[in-house]
Amino acid sequence: MDRTPILILGAAGRDFHTFNTRYRDDSSVRVVAFTAQQIPHIDDRRYPPELAGPLYPEGIPIEPETRLEELIRREGIQRCILAYSDLSYEYVMGLAARANVAGAAFEVPAPVASMLDSSRPVVAICASRTGAGKSPTSRAVAAALEAAGVRVGVVRHPMPYGDLVRERVQRFADAHDLEKHRVTIEEREEYEPHIARGMVVWAGVDYEAILREAEKEADVILWDGGNNDTSFFRPDLQLVVVDPHRAGHELSYYPGEHNVRLADVIVVNKVDTAEAAAVDEVEANVRRVNPGARIVRAECPPIADDPSVLEGRRVLAVEDGPTTTHGGMRYGAACIAAEAVGATLVDPRPFAAGEIAETFESYPEVGPLLPAMGYGQQQIDDLQETLRRAAGSGVEAVAVGTPIDLSRLVDIPIPYTRVRYDVELTGGTTWEELLAPVLEAVPRE
């Protein structure tokens, strides 16, 4: 039987999960290649045969998305499967047009088609956009579950940027595991805060295997989503975080609107720093498309460890990389905390080095801040060089808005302070109240 040639369009995460759950054992199709976008250095490699299965004894190549039309025409591709996230509807339909004109159909799979069932209750934390506050929400939910006497298995959305075979199933219980798995800054930003609170984090490539391992140690599985992707696991309770700093995006980004429509609880975050009209707009939007969801509000105040370091000075704000690049945020927690104490933000473009300078070229809309890019050692080295140059360019202090201790990875040759942010529910609502249906489902000895 002839196998239908298809492409899976991705960014080293959802694409692999879509393949593993829908196509790995399907002899009616042939996945010719994955295409890669958003993340640097994830193309020009292969999805290895050890993970691809017997239908793909040589593995599957990973090509840059820029070669989409060439691949379709050369390989006779009949279908392109969208399998990555945090995309504007304009970008999604642009991809569809490119695929259609080159001769292929364009498919957007239903989120439920790749959801795995767990033997444990699942709480899924998702978002409308990257940078909405999903990660601090996940940490708050994990803490509430643990306080209720529940063993929590945190399963993080994939970030497999290295050796895919070695990263098939990853377990992070302490700082040693971060070193053992050679994680990037982006991975560390997600894993380290959970580990610091005594949680075990699971991640990797094969989420069926990951889920089964996590179930051995946990009473409840907490899906800690990435980008604005949908959950890989079928949730018993889904919380979705929306961001009034980007009002309207909850209905205009893929698959953020999917998440809003699937939510049991919608957390309108950052109400302490967003305009009141924007908060009302977001609430009206989500209520219109999901009238059955419970809507709660939350604050996420950025707090500098030592505001005096920043007061009245020329400050370089170092922010979460994905949030301020493909997430589209022109500012972050470090910017807000610095400006609150009268600091002047310094634009790092004039002294950005190497791949950091390339990041600004790729994302010209980034505001006057330094994205803490670190998808590989070269980016970390260039981040270090950018900070060194900052010391000689009139920068007097640094506000570090990433959720990790950046000084463990690079030398910061200027006075600096960390800026932290935690999600706090308002209006008398508690996490325990929101989690009650799940807590009641956990067997007690």
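Val-154 stands opposite Leu-222 in strand β12. That pairing belongs to a predicted model, and β12 is a good place to start reading it.

**Strand β12 and its neighbours**

Strand β9 covers residues 152-156 and pairs with β12 in the parallel sense, over five bridges. Strand β8, residues 122-127, also pairs with β12 in the parallel sense, here over four bridges. Leu-222 serves this contact too: in β12, Leu-222 is the bridge partner of Val-123. Leu-222 therefore has Val-123 as one bridge partner and stands opposite Val-154 as well. 

Strand β12 itself spans residues 220-224. Five of its five residues are buried, so the strand is largely enclosed by the rest of the structure. Which way do the side chains of β12 point? Val-220, Leu-222 and Asp-224 point one way, while Ile-221 and Trp-223 point the other way. Residues on both sides are buried, Asp-224 among them.

**The sheet**

β12 is part of an open sheet of nine strands. The order is β10-β11-β9-β12-β8-β13-β15-β16-β23, and the pairing is mixed. β10 (169-172) and β23 (424-425) stand at the edges. Each has a single partner strand, so one side of each is left without a neighbour in the sheet.

At the β10 edge, the partner is strand β11, residues 200-204. Here the sense is antiparallel. Val-169 stands opposite Gly-204 in β11.

The three described pairings are set out below.

| Strand pair | Sense | Bridges |
|---|---|---|
| β8 and β12 | parallel | four bridges |
| β9 and β12 | parallel | five bridges |
| β10 and β11 | antiparallel | four bridges |

**The whole chain**

The secondary structure comes to 15 helices and 23 strands. The radius of gyration is 21 Å, close to the 22 Å that the globule rule gives for 445 residues, so the chain is as compact as a globular protein of that length. Along the principal axes, the C-alpha atoms fill a box of roughly 70 × 55 × 45 Å.

How much of the chain is buried? Buried residues make up 61% of the 445 residues. Among contacts with a separation of 6 or more, 78% join residues 24 or more positions apart.

The accessible surface comes to about 16800 Å². Carbon and sulfur atoms hold 48% of that surface. The chain carries 45 positive and 70 negative charges, and their mean positions are 3 Å apart.

Key. Residues numbered from 1 in each chain as written. Predicted model: local features only at pLDDT ≥ 70, side-chain atom pairs only at ≥ 80, totals over all residues. Heavy atoms only, no water. Buried < 20%, exposed > 50% of the residue type's maximum accessible area, 1.4 Å probe, protein only. Helix = DSSP H or I, 4+ residues; strand = E, 2+ residues; numbered from the N terminus. Pairing = 2+ DSSP bridges. Rg over C-alpha atoms; globule rule 2.2 N^0.38 Å. Contact = heavy atoms within 4.5 Å. Areas by Shrake-Rupley, 256 points an atom, 1.4 Å probe, with all protein chains shown as cover. Lys, Arg positive; Asp, Glu negative; His and termini not counted. Charge placed at Lys NZ, Arg CZ, Asp CG, Glu CD.
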